[in-house]
Structure formats: structure tokens, C-alpha cells
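Student: I am new to this structure and would like a close look at a single part of it. Please take one residue and work outward from there.

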Amino acid sequence: MARKKESKITPIIGLQWGDEGKGKGVARIASGLSKKDLIVRFQGGNNAGHTIWHGGKCYVFHLIPSGVFGQAQIHLGAGMVINPGALAQEARMIPKKIPLLKRMSVSPHAVLTIPTHLILDSVSEKTKGKRKIGSTGKGISPSYTDLTLRRALRVGDIFYDDFKKKYKMLQKEHKTTLQKVFEYKISENELRKKEKEFFRGIKFLRSLRSADSAEIVLEALSGRHKVIAEGAQGALLDVRFGHYPFVTSSHTISSGIGTGLGIPPSYIGGAIGILKAYATKVGEGPFPTELGGIESAVWCRDKKIADEKMKFPEPNPNSKSEFEQGIALRRAGNEIGATTGRLRRTGWIDIPLLKYTVKMNQATKLVLTKLDVLSGFEKIKACTYYIIDSKKTKEVPFDLSRVKIKPIYKSFPAWKGKLSDYGKKLPKEALDYVKFLEKTLGAKIIYVGTGPEEHHVVERYWK
Ligand code: GDP
Ligand code: IMO
Ligand code: MG
């Protein structure tokens, strides 16, 4: 029997390099969900940092789905990597009145991040020197590596008597790699501290309901309940289709939901694609529209926000220097990593890249966030095509680091004053930019973000 249109998972996917505002988008949708609906994470781990504002307080979620303040069930899916200590710590920050343990379940297939994964991550980054990826240092790549090496520990393992033995075996293998490959000797003291937190986390994990991702998702869908898949990172960080090797180690795109939850692809609907009104990137790798280019990349790699505030107390968004414009954009958008506190690199929106990710995720609806941040700029720019080898192109090259890309921009006049001065309406100039994006990307922008809180939006086609 043919399934009704509604009984499909709604992916919520970042269309850029992460930090597009997925947390706020999910929280907003979650507030309209009922007890039988479901919000799942299907990939990634605590490299994610999803910010939401609730009851005047700021929360950053790394592993727990951002819909925790609604009523829906929440699930940590099979495709995730889970650091148990970090999960327990995150659970502690949720207000007591939320029945978290009753609503949250975890897949036995999800991979465990163990303390030596974190050490492997940081040591391997250090030895790469200038060729480092700029990982969040949360042990994500070594955890997924162990999955493909077929030696990972998974959540389901913690319920067996041989768990500690298996843990020690894996740890021994990690220690050998650290010593033999990286010539690194672990500080046993440091390790013991990390282990204490890890085993406290394991105790917490044991108290959670273990549930097969596919089973609970398919059951919810067959009961015509809504299922939201909260993507972490962004499509341009996908391990296969992002700017390899400057990517994360999981499938961040909507087809990752299939393998991340163990469900057939026909159950995955068109995505709600989240994009910022400009672009940011944290970590290394190509960024064609970066304001200030390489100067900005190096600055963000080496400096802290305190250094920046000292040198540029009041950066001018309309400065002649693009580097300073980028700093002004970072400050206006508070573009500081939610997980690592690093400076996020800033630049203009890149249409060829967005077209690539809209298509890849079948983003049928879009959410445009942080338009308010562009208040104060005299001009807004969008890169509409590239010049590569003296040729005009709208195609995304296979490897952006191997070609010299000159982005070509279309400029839009900005509005006067702040977006908030216009209430629940957008000024004409903002609307023109929104309509241009809709037309070029071929999908409706269902709402526009005008500030960090859930109600800071201008709705357009919401239903
Ligand atoms: P995520 O990883 O995609 O969930 O995004 P992050 O939480 O890492 O970064 C997005 C940041 O922008 C957070 O600090 C949000 O509070 C903030 N934010 C989200 N939407 C808006 C918006 O429309 N306007 C402004 N000014 N801030 C926003
Ligand atoms: P959310 O879900 C932005 C980046 C890192 C680095 C690369 C690899 O908050 O959007 P990893 O630790 O995964 O091995 O790092 O990916 N990265 C993110 N950038 N937002 C994220 O998550 C990210 N998660 C990883 O900065 O460049
Ligand atoms: Mg983030």
C-alpha cells in the first residue's frame, strides 16, 4: 500500500559548514510536536554545538537533540558517536522538571568515544602541523575509524560482563598506536581522571532506554507521527561530499539518515535546509568567499576573541579592508565556536556551493538565519559564480584547494537601521535579498531569523 506523504522523516540539515542555526530551527519545530512525535540525531557526536535560547537562558547541546524542551521523544541514533561522560554532563544541565530519562532513548549500535580517542585526535592533529584539519578535538575521527576497523565499542556492549575487558583491549591498542606511530607517552594521571568521568558516563548510559533506531522510527512513522532528524555539522563537512580532507568523519547529508538509523531511503523526505545569510567556517580548509582571504584564515587560526577585541574594539562593517569587514561580521554575529570557543571565519554567501547542497539534500524548504546580523552593512554580497582558469563557472570543482577560485559577487543594498526596527515585517531591501535567494536556490524560505531567540523570526510560508 502506498504510504501517505506525511509519513516520512523530515531532515533538518545545515547547508553550509555547520553552525547555521540548526539548534534554534529544531527547537522551534519541536515546540509544536506532541508526545508521540520523535526527534533523532543520526550522525556525529559532541563535535556539534547547537545553541538554543529557552526561558531567557542559553543552552548549547552537543549530543542531546535540541528539541528537549518540547514534548517529543528523543533518540540518539545508531550512526552517532557518543562520549558517555559528555552525555552525562549535558544531561545534568537540563532542568529537573524535564523528564529526560523517560523521553530519551539510545541505539545500542551507536559507537562509544573512549578517553584514548580524545588523545589520539589531539596528537594526530598536532603531528599534522600546518596540514591539520582543525578538528574539534572530541575524538570523532578516531571513534569512527574504530568502527570501520571493526574494533569499536558500542553502546550495546556496556550491558555485557566483558565490557571492561573489551575496553582495556581497545585502550591497549590505542596506547600502542600512540607510542609506536606518534611516539607519544600518555600521562597515566590524566588518563585516570578521564576514565573516572567515562565510567560515570557509562553508568548514566545504562540508565537510559536502549532502542533500535529503525524500530522506533518506523513505528512512529506508521502511527503517522512526525519524525525530525536533526543533522549535525553541515553538508559541506560531509566525509565524502565535503571539502575532503577538511571534513568531519560522518555522513552529514540527508542520505546519511538511511545508514545512520538503518531505515530504507524511501522513508526520508525532502529536507528543511538551514542557511545563514552569510557564511562561516571553523577550522581549516577552502572558503572561497572568506572576507580577508588567507589573512582571515590565519588570524582565526592563531587568535582568540580577547586578542581581536583588543586590536579591533569597534570594527567597521563598511571598512575599505575586507579583513576588517570580516571581523565586524564575526562580532555582529557573535561567531565564536559553540563547542571550542574558536573564532569562526566569516564571508559572503556562496550560491554555487548552496546550489550543490540544496540539490544533494533535496532541500524543499529553507530557513534563512541571522539576517539581522547584516544590519549596519551598506552592501550585502552574494557570490553567484566563480572564475577558475579565466573561465566563468557555476560548478563546484572536485577539490577546491587545488584550483584558484575568484568569486564574482552580486551586490544588494542593505536596509537602514536594525531589522528589529521593522517588527514582524522585513524591510524591502531584506525582502529583495530573501526573494533572490529563493529564486536562485529554487526553494521557499519558510522563515527568516532576526535574532537568537526562538521567537526572533519573520514567518513566510510556515504551516
Ligand atoms: P548550529 O550548530 O547550527 O545549531 O548553530 P550554532 O548554535 O553553533 O550557531 C548559531 C548561533 O547563532 C547561535 O549562537 C544561535 O543562538 C545564533 N542564532 C541562531 N539564529 C539566529 C538569528 O536569526 N539571528 C541571530 N542574531 N542569531 C541567531
Ligand atoms: P554543528 O553541528 C562547525 C568542523 C571542525 C573541523 C572539521 C572536523 O555545531 O554545526 P571533527 O571534530 O568533526 O573531526 O572536525 O569539522 N566541525 C564543525 N564546524 N559546526 C560543527 O557542528 C562542527 N563539527 C565539526 O571545526 O573543521
Ligand atoms: Mg554549532
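Tutor: In this predicted model, phenylalanine 198 has a relative accessibility of 2%, so this residue counts as buried, the limit being under 20%. Phenylalanine 198 belongs to helix α7, and its ring pairs with that of tyrosine 167 in helix α6, which spans residues 163-180. The two rings are stacked, with 5.2 Å from centre to centre and 20 degrees between the planes. The partners are 31 residues apart, and the pair links distant parts of the chain. Tyrosine 167 has 0% relative accessibility and therefore counts as buried.

Tyrosine 167 also forms an aromatic pair with phenylalanine 199. Here the arrangement is edge-to-face: the centres are 5.1 Å apart and the planes are at 75 degrees. Because tyrosine 167 lies in α6 and phenylalanine 199 in α7, this pair ties together parts that are 32 residues apart in sequence. Phenylalanine 199 has 24% relative accessibility, so this residue counts as partly exposed. A search of the whole structure finds 13 aromatic pairs. Elsewhere, ring pairs join Tyr59, Phe61 and Phe69 into a cluster.

Back to phenylalanine 198, which also takes part in a helix contact. Two packed helices are described by the angle between their axes and the distance between the axes. Helix α7 (residues 188-206) packs against helix α4 (residues 115-128) at an angle of about 130 degrees, and their axes are 9 Å apart. An angle between 115 and 145 degrees counts as oblique, so α4 is oblique to α7. On the α4 side, the contact is made by Pro115, Thr116 and Ile119. On the α7 side, Leu191, Lys194, Glu195 and Phe198 make the contact. Sorted by class, the residues in this contact are four nonpolar, one polar and two charged.

The last element to place is the sheet. Strands of a sheet pair through backbone hydrogen bonds, either parallel or antiparallel. This sheet is open, has 10 strands with mixed pairing, and runs in the order β9-β7-β5-β2-β10-β1-β11-β15-β19-β20. Its edge strands are β9 (209-210) and β20 (457-459), each of which pairs on one side only. Within the sheet, β11 (residues 271-276) and β15 (residues 363-369) pair in the parallel sense over six bridges. One residue to look up there is glycine 273, whose bridge partner in β15 is leucine 366.

Key. Residues are numbered from 1 along each chain as its sequence is written. Chains are lettered from A and ligands numbered from 1 in the order in which they are written. This is a predicted model: local features need pLDDT of at least 70, side-chain atom pairs count only at pLDDT 80 or more; totals for chains, interfaces and linings use all residues. Side-chain values use heavy atoms; hydrogens and water are left out. Axes are lines fitted to C-alpha atoms, for helices over the stretch in contact, and angles run from 0 to 180 degrees between N-to-C directions. Helices (H or I, at least four residues) and strands (E, at least two) are DSSP runs, numbered from the N terminus. Angles under 35 degrees count as roughly parallel, over 145 as roughly antiparallel, 65 to 115 as roughly perpendicular and the rest as oblique. Contact means heavy atoms within 4.5 Å. Ala, Val, Leu, Ile, Met, Phe, Trp, Tyr, Cys and Pro count as nonpolar, Asp, Glu, Lys and Arg as charged, and the others, Gly among them, as polar. Two strands pair if DSSP finds at least two bridges between them. Rings of Phe, Tyr and Trp (its six-membered ring) pair if their centres lie within 6.5 Å; planes under 30 degrees apart count as stacked, over 60 as edge-to-face and the rest as tilted. Buried means under 20% relative accessible area, exposed over 50%, partly exposed in between (1.4 Å probe, protein chains only).
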